[in-house]
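Got the viewer open? Load the model, switch on the cartoon view and keep the selection box handy.

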Amino acid sequence: TDLTRENLQNWEELEFKEYNFNAKGQPVDAGHLHPLLKVRKQFKDIFCQMGFEEMPTNNFVESSFWNFDALFQPQQHPARDSHDTFFLKAPLTTRELPEDYVARVKQVHESGGYGSRGYNYEWKREEANKNLLRTHTTAVSSRMLYALAKGPFTPKKYFSIDRVFRNEAVDRTHLAEFHQIEGLICDRGLTLGDLIGVLQEFFSRLGMSKLRFKPAYNPYTEPSMEIFSYHDKIGWLEIGNSGMFRPEMLQPMGLPEDVRVIAWGLSLERPTMILYETENIRELFGHKVNL
Ligand SMILES: COC[C@@H]1[C@H](c2ccc(C#Cc3ccccc3)cc2)[C@@H]2CN(C(=O)Nc3ccc(OC4CC4)cc3)C[C@@H](O)[C@@H](O)CN12
């Protein structure tokens with residue numbers, strides 16, 4: 001029946017079909033999880049399946065002490081100047097640090113110990129007190145390892161996935177902040193072979209099985225390795241960095257001298273861009289591209 005005016009006037013006489021209450025609604029094509037969050041969940045699931053516990057990363061503001069000094073990163077290191085690091089104006093300095101531990105960190109920077117020669121410079125407390133936006137989640141790892149050293153030693157597997165901040169030039173694939181993913185295992189007698197094995201297990205769960213390792217340098221790990229994986233479309237791809245935390249970092253914390261820590265890190269943005277074939281990182285995160 002076509003809906004003409006007179007038909008609409010006597011609609012009571014019209015035939016209507018039975019109302020089907022079981023009919024499904026029209027699918028609504030709205031609301032999607034952000035790709036970064038989908039990939040973050042993938043990494044979190046892999047860590048949890050491998051028995052890792054998540055570290056508390058809910059502090060973007062950190063002291064230079066935990067972000068650098070505790071990691072045996074010298075105060076004159078270029079990464080510690082304001083061209084690479086966001087220092088805070090307020091609150092300018094950290095409130096309190098564990099004084100006995102600070103004294104051992106000062107000692108190991110200035111004159112070594114535990115078999116190390118140290119850096120032979122005058123370590124300054126004011127430098128360590130400066131607040132900053134953490135440049136890596138390794139600052140959280142150092143807090144967790146220090147806490148582990150305080151109690152009776154038990155082996156631990158920790159991970160973190162959260163934002164870090166670098167005062168660097170931004171371009172198509174780099175922003176002033178990114179999400180760092182970090183894993184660490186703390187146990188007696190761990191070796192570089194254990195690190196290689198864990199990396200192979202971890203990355204194979206992401207479909208990257210053909211790994212290669214290249215010697216590298218980090219101020220807080222020795223030995224260190226860059227990690228590469230063969231990607232069938234891109235070829236050899238750098239997928240992260242890794243190493244064994246130095247004794248100059250672990251011993252001042254008070255960890256037993258046979259305890260070793262193997263650790264590795266990567267970003268969340270790079271794998272997401274590759275998995276979602278994103279050209280410009282701004283499609284993912286940060287300022288929207290001017291469409
Ligand atoms: C300044 O930013 C450095 C960042 C970021 C990075 C590098 C090192 C660490 C670290 C560490 C570390 C080392 C020792 C002990 C503890 C932590 C963390 C993040 C990525 C690390 N990288 C990176 O993520 N690459 C990557 C990772 C996974 C991936 O998967 C795809 C599905 C196929 C693809 C690519 C390597 C490069 O992208 C590099 O050019 C950029 N790196």
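What follows is a walk from stop to stop, with something to select at each one.

**Before you click**

This is a predicted model, so local features here need pLDDT of at least 70 and side-chain atom pairs count only at pLDDT 80 or more, while totals for chains, interfaces and linings use all residues. Residues are numbered from 1 along each chain as its sequence is written, and side-chain values use heavy atoms, with hydrogens and water left out.

**Stop 1: strand S9**

Select residues 259-267, which make up strand S9. Helices (H or I, at least four residues) and strands (E, at least two) are DSSP runs, numbered from the N terminus. Is S9 mostly covered or mostly open? Mostly covered: 8 of its 9 residues are buried. Buried means under 20% relative accessible area, exposed means over 50%, and partly exposed is in between (1.4 Å probe, protein chains only).

Now add strand S5, residues 177-188, which pairs with S9 in the antiparallel sense over 9 bridges. Two strands pair if DSSP finds at least two bridges between them. To see one spot along this pairing, pick Ile181, which stands opposite Leu266 in S9. Next, show strand S8 (residues 235-245), joined to S9 by 4 bridges and also running antiparallel. Here Ser242 has Trp264 of S9 as its bridge partner. In a regular strand the side chains alternate between the two faces of the sheet.

**Stop 2: the aromatic rings**

Keep Trp264 selected and add Phe43, Phe47, Phe52, Phe159, Phe202 and Phe203: together they form one aromatic cluster. How many aromatic pairs does the structure hold? There are 19. Rings of Phe, Tyr and Trp (its six-membered ring) pair if their centres lie within 6.5 Å; planes under 30 degrees apart count as stacked, over 60 as edge-to-face and the rest as tilted.

For a tilted example, jump to Tyr19 and Phe21, with 4.7 Å centre to centre and 40 degrees between the planes. Tyr19 is exposed at 65% relative accessibility, and Phe21 is exposed too, with a relative accessible area of 70%.

Rings can have a charge over them as well: that label applies if NZ of Lys or CZ of Arg is within 6 Å of the ring centre and within 35 degrees of the ring normal. Select Lys210 and Tyr230, where the charged end of the lysine sits over the ring, 4.4 Å from its centre. Then try Lys130, which lies over the face of Phe87 at 5.8 Å from the ring centre.

**Stop 3: salt bridges**

Side chains of opposite charge can pair when their charged atoms come close. A salt bridge is a side-chain nitrogen of Lys or Arg within 4 Å of a carboxyl oxygen of Asp or Glu, and by this rule the count comes to 16.

- Select Arg134 and Asp162, whose closest N and O atoms are 3.5 Å apart in a salt bridge. This pair links distant parts of the chain, 28 residues apart: Arg134 is in the loop between strand S3 (131-133) and helix H6 (138-150), and Asp162 is in strand S4 (residues 156-165). Are these two buried or exposed? Both are buried.
- Select Arg104 and Asp100, another salt bridge, with the closest N and O atoms 3.7 Å apart. They are separated by about one helical turn because they sit 4 residues apart in helix H4 (residues 99-111). Arg104 is partly exposed at 28%, and Asp100 is partly exposed at 47%.

**Stop 4: around the ligand**

Show the ligand and the 23 residues around it (each has a heavy atom within 4 Å). Which come nearest? They are Arg166, Glu238, Ile239, Ser267 and Arg270.

Look for polar contacts, meaning pairs of N or O atoms within 3.5 Å; within protein, one must be able to donate a hydrogen and the other to accept it, and residues adjacent in sequence count only if both atoms are side-chain atoms. A backbone N or O atom of Glu238 lies 3.0 Å from a ligand nitrogen. Ser267 has a polar backbone atom 2.8 Å from a ligand oxygen, and Arg270 has a polar side-chain atom 3.1 Å from an oxygen of the ligand.

**Stop 5: backbone oddities**

Most residues other than glycine have a negative phi, and most peptide bonds are trans. Zoom in on Ala90 and Pro91, joined by a cis peptide bond with omega near -5 degrees. Finish at Tyr114, where phi is positive, near 60 degrees.
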